[in-house]
Amino acid sequence: MEVVIDRRVRRRRRLVRLFFRLLLICLVLAAGAAVSLLSYTKMQGPPPLNVSQTTVFYGADNSPIGQHHQGENRHWVGLSSIDNDIINATISIEDRRFYNHLGFDLTRIGGAVVANLRSRSMAQGASTLTQQYARNLYLSHDKTWVRKWNELLYSLRLEMNYDKDQILEGYLNTVYYGHGAYGVEAASHHYFGKSANDLTLAEASMLSGIPKGPSYYSPLIDFDRAKRRQAVVLQSMVDNGVLTQVEADEAHAEPLNFIHDELDNTSTVGPYFQAAVEKILIQDVGIDPALLEAGGLKVYTTLDPDMQKEAEYWVRREMPDSELQTALVAMDPQTGDVKALVGGKNYVESPFNRAIDARRHPGSSFKPFLYYAALENGFTPASTLMSEETTFEINGGQPWSPSNFNDNYAEDFITLLQAMAFSDNIYAVKTHLYLGTDKAGELAHRVGIESPLGEGAALALGASDVGIAEMARAYSAFANGGKKVEPRFIKKVVDREGEVLYESEPHLEQVLDPKLAFIITDLMKGMFDPYLNAHTSVTGRSVSHLINRPVAGKSGSTSRDSWMVGYTPQLVTSVWVGYDSGTNLNQATDGQYAKKIWANFTEHALNDQEAVDFPIPDGVVGVEMNPLNGLLATEDCPTHRVTYFVEGTEPTKECPKPASDGEEVEAIDEESHEKERFIDRFFRWFGH
């Protein structure tokens with residue numbers, strides 16, 4: 001009997017020793033496997049953290065004006081820029097032992113496996129924050145064992161190559177909070193209209209409960225359910241020792257104010273401007289399109305959000321509900337900064353950017369280039385030419401008979417001042433032919449027009465295509481004392497790491513005589529001065545009452561285009577109205593929209609800025625000139641306007657006294673007619 005018992009004892013001992021040997025072998029193998037797995041994941045190196053982010057566009061005041069993202073609205077912020085309450089709440093509810101594991105929690109995994117085997121499903125999860133981050137970066141959300149294994153491998157790679165704070169930061173910037181908001185920063189702005197660094201405990205605990213089921217726990221969908229989830233989050237913070245019960249109860253009772261920013265729709269402040277900026281980033285700045293698509297850039301632009309809103313408002317208010325289109329570009333002439341841009345009536349319906357890409361005939365808005373060239377070649381504001389119906393024969397070709405608007409002619413000599421104010425076409429064509437047909441185009445190119453212009457006689461009347469933005473750029477040289485500006489849309493581009501990828505400064509080049517630039521500006525003031533009305537009215541009479549500050553400008557019209565380009569010392573604005581199809585305009589109605597948009601926008605866009613006049617440069621003198629004849633006003637000939645000249649070129653002859661019978665004598669003597677006689681002879685010679 002004792003022998004049998006002894007055998008049983010020895011057998012039992014052998015089994016125990018065998019068990020421990022097997023256990024030891026298993027432990028060694030497990031340790032070896034673990035070491036091998038960890039070594040493997042370490043050798044694999046850090047997995048890429050290329051996360052699609054939202055590129056944000058900022059206006060000139062550094063306020064966000066728009067976004068670019070690939071369906072995932074995400075704004076990456078550093079862990080130091082995230083409130084501690086959101087960090088503590090997230091760890092407490094999602095992964096309490098986050099700082100004490102290597103990417104997976106064996107206790108939670110064991111519990112989840114048992115629960116899933118009992119239920120014969122994959123309903124229970126045990127993912128740590130690291131595993132969730134890995135899933136957000138690299139994997140789908142399918143509940144399969146293969147995905148779980150891959151998730152584990154990626155988690156180990158993350159843990160072996162990044163520290164815990166980097167992983168936590170990554171998780172908080174990639175997790176989905178519903179309604180198109182990816183990451184805590186986008187979610188904070190969406191739900192509460194503030195940064196993730198400014199959340200209250202109540203707000204942080206509400207947000208932290210959403211990722212478990214973004215649609216199910218969204219407070220914007222079911223507030224009561226979200227409040228119950230918030231209570232669970234707060235209690236987990238108490239259990240984790242980062243919050244007292246009193247603090248949790250107070251936070252749960254705190255009212256919440258939801259902003260509900262619509263993140264699924266990108267900002268509509270200046271959509272045409274933003275599209276232009278994206279094009280410039282790729283074509284001119286040289287940003288790799290892949291980098292732009294990856295996002296995370298901060299693009300600081302020149303757009304003034306308030307001016308842009310004014311521009312969009314006046315376009316909506318003034319333009320009719322028809323196929324008629326418009327474009328507007330407003331630019332700071334002192335820097336070239338584009339402050340507002342409208343490329344059409346509705347970006348969604350028609351994204352074609354007419355402000356940048358359209359080319360149309362500028363009509364009489366081209367004349368300031370011609371008349372500046374005339375000033376360079378001996379003309380003054382007092383220079384006179386005959387305004388009458390005229391037929392020109394150019395180089396022996398077909399007769400050409402340009403006409404004035406509504407066939408209004410002075411049937412007399414008029415001054416350059418009047419020719420600009422009335423937009424007299426005969427005066428313009430005579431000047432163009434007299435100077436040589438290359439002069440106006442050369443001047444236009446000098447100040448920034450890049451479109452080909454040619455040298456035809458009709459160029460005097462704006463018969464070559466130019467761009468709306470080009471005209472704003474070119475007029476800037478008149479507004480700023482003769483400097484050509486480079487249009488600037490982008491001030492700076494910063495990547496997700498804070499590195500400056502691109503930065504620009506204003507670029508100006510002196511190309512005009514400041515004295516002549518001021519005189520052209522003074523002439524262009526005339527279109528708004530009803531005091532100059534004579535045989536016809538000044539072209540700006542319909543909108544002059546809308547402007548309460550010194551302005552200069554020139555309108556233009558063709559059968560298919562209507563323009564208004566004008567400026568103050570602070571702002572140049574170019575407005576075009578017409579049909580994309582080239583349909584003729586009804587000038588009685590369609591011809592006024594550009595002027596109204598320009599006038600209302602200019603007045604309201606500068607409402608908070610001082611109404612300043614254009615500075616008079618040295619070497620310029622103002623005299624009281626009779627605008628009808630270009631002579632000095634006297635007591636006997638009191639009609640006058642203070643008009644400016646380069647010193648030494650101002651009129652010296654006075655208006656003659658009235659005749660004894662009460663009729664005024666001939667205002668211009670024989671000597672004053674000499675230039676007109678010469679030009680008449682020139683035309684006769686040129687035509688044969």
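User: How do helix 9 and helix 10 pack, and at what angle?
Analyst: This is a predicted model. In it, helix 9 (residues 223-239) packs with helix 10 (residues 245-253) at an angle of about 160 degrees, and their axes are 9 Å apart. That makes helix 9 roughly antiparallel to helix 10, because angles over 145 degrees count that way.

User: Is the crossing of helix 9 and helix 10 left-handed or right-handed?
Analyst: The crossing of helix 9 and helix 10 is right-handed.

User: Which residues make the contact?
Analyst: Helix 9 brings Lys227, Gln230, Ala231, Leu234, Gln235 and Val238. Helix 10 brings Gln245, Ala248, Ala251 and His252. By class, this contact of helix 9 with helix 10 has five nonpolar, four polar and one charged residues.

User: Next pair. At what angle do helix 15 and helix 17 pack?
Analyst: About 50 degrees, for helix 15 (residues 367-376) against helix 17 (residues 425-435). The axes of these two are 10 Å apart. The angle makes helix 15 oblique to helix 17.

User: What is the handedness of the crossing of helix 15 and helix 17, left-handed or right-handed?
Analyst: The crossing of helix 15 and helix 17 is left-handed. On the helix 15 side, the contact uses Lys367, Leu370, Tyr371, Ala373 and Ala374. On the helix 17 side, Asn425, Tyr427, Ala428, Thr431, His432 and Leu435 take part.

User: How do the residues of that contact divide into nonpolar, polar and charged?
Analyst: For helix 15 with helix 17, seven are nonpolar, three polar and one charged.

User: What sits in the loop between helix 16 and helix 17?
Analyst: Serine 423 is found there, between helix 16 (416-422) and helix 17. Its phi is near 60 degrees, a positive value in a residue other than glycine.

User: Why flag a positive phi?
Analyst: Most residues other than glycine have a negative phi.

User: Is serine 423 buried or exposed?
Analyst: Serine 423 has 12% relative accessibility, so this residue counts as buried. The cut-off for buried is under 20%.

User: And glutamate 411, what is its phi?
Analyst: Glutamate 411 has a phi near 55 degrees, again positive in a residue other than glycine. This glutamate lies in the loop between strand 10 (399-400) and strand 11 (412-415). Glutamate 411 is exposed, with a relative accessible area of 52%.

User: Sheets now. What is the strand order in the mixed one?
Analyst: The order is 2-1-5-13-14, in an open sheet of five strands with mixed pairing. Strand 2 (64-68) and strand 14 (500-503) are the edge strands, each pairing on one side only. Ignoring direction, neighbouring strands of this sheet are turned by 15 degrees against each other on average.

User: Which helix packs on that sheet?
Analyst: Helix 11 (residues 271-285). This helix touches strand 1 (55-58), strand 2, strand 5 (298-301), strand 13 and strand 14. The direction of helix 11 makes about 70 degrees with that of strand 13.

User: How do strand 1 and strand 2 run, and how many bridges join them?
Analyst: Strand 1 and strand 2 run antiparallel, joined by four bridges. Phenylalanine 57 stands opposite glycine 66 in strand 2. The two strands form a hairpin with five residues between them. Asparagine 62 in that turn has a positive phi of about 70 degrees.

User: How many residues of strand 2 are buried?
Analyst: Four of its five residues are buried, so strand 2 is mostly covered.

User: What about the other edge, how many bridges join strand 13 to strand 14?
Analyst: Three bridges join strand 13 (residues 490-494) to strand 14, and the pair runs antiparallel. Valine 493 is opposite tyrosine 502 in strand 14.

User: And the open sheet with antiparallel pairing, what is its order?
Analyst: That sheet has five strands in the order 7-6-18-17-16. Strand 7 (338-342) and strand 16 (552-557) stand at the edges with a single partner strand each, so one side of each is left without a neighbour in the sheet. The average turn between neighbouring strands here is 5 degrees, direction ignored.

User: How many bridges pair strand 16 with strand 17?
Analyst: Six bridges, in the antiparallel sense, with strand 17 covering residues 561-567. Serine 555 stands opposite methionine 564 in strand 17.

User: Which helix lies across strand 16 and strand 17?
Analyst: Helix 20 (residues 514-525), running at about 65 degrees to strand 16.

Terms used. Residues are numbered from 1 along each chain as its sequence is written. This is a predicted model: local features need pLDDT of at least 70, side-chain atom pairs count only at pLDDT 80 or more; totals for chains, interfaces and linings use all residues. Side-chain values use heavy atoms; hydrogens and water are left out. Two strands pair if DSSP finds at least two bridges between them. Axes are lines fitted to C-alpha atoms, for helices over the stretch in contact, and angles run from 0 to 180 degrees between N-to-C directions. Contact means heavy atoms within 4.5 Å. Angles under 35 degrees count as roughly parallel, over 145 as roughly antiparallel, 65 to 115 as roughly perpendicular and the rest as oblique. A crossing is left-handed if the near helix is turned anticlockwise from the far one by less than a right angle, and right-handed if clockwise. Ala, Val, Leu, Ile, Met, Phe, Trp, Tyr, Cys and Pro count as nonpolar, Asp, Glu, Lys and Arg as charged, and the others, Gly among them, as polar. Buried means under 20% relative accessible area, exposed over 50%, partly exposed in between (1.4 Å probe, protein chains only).
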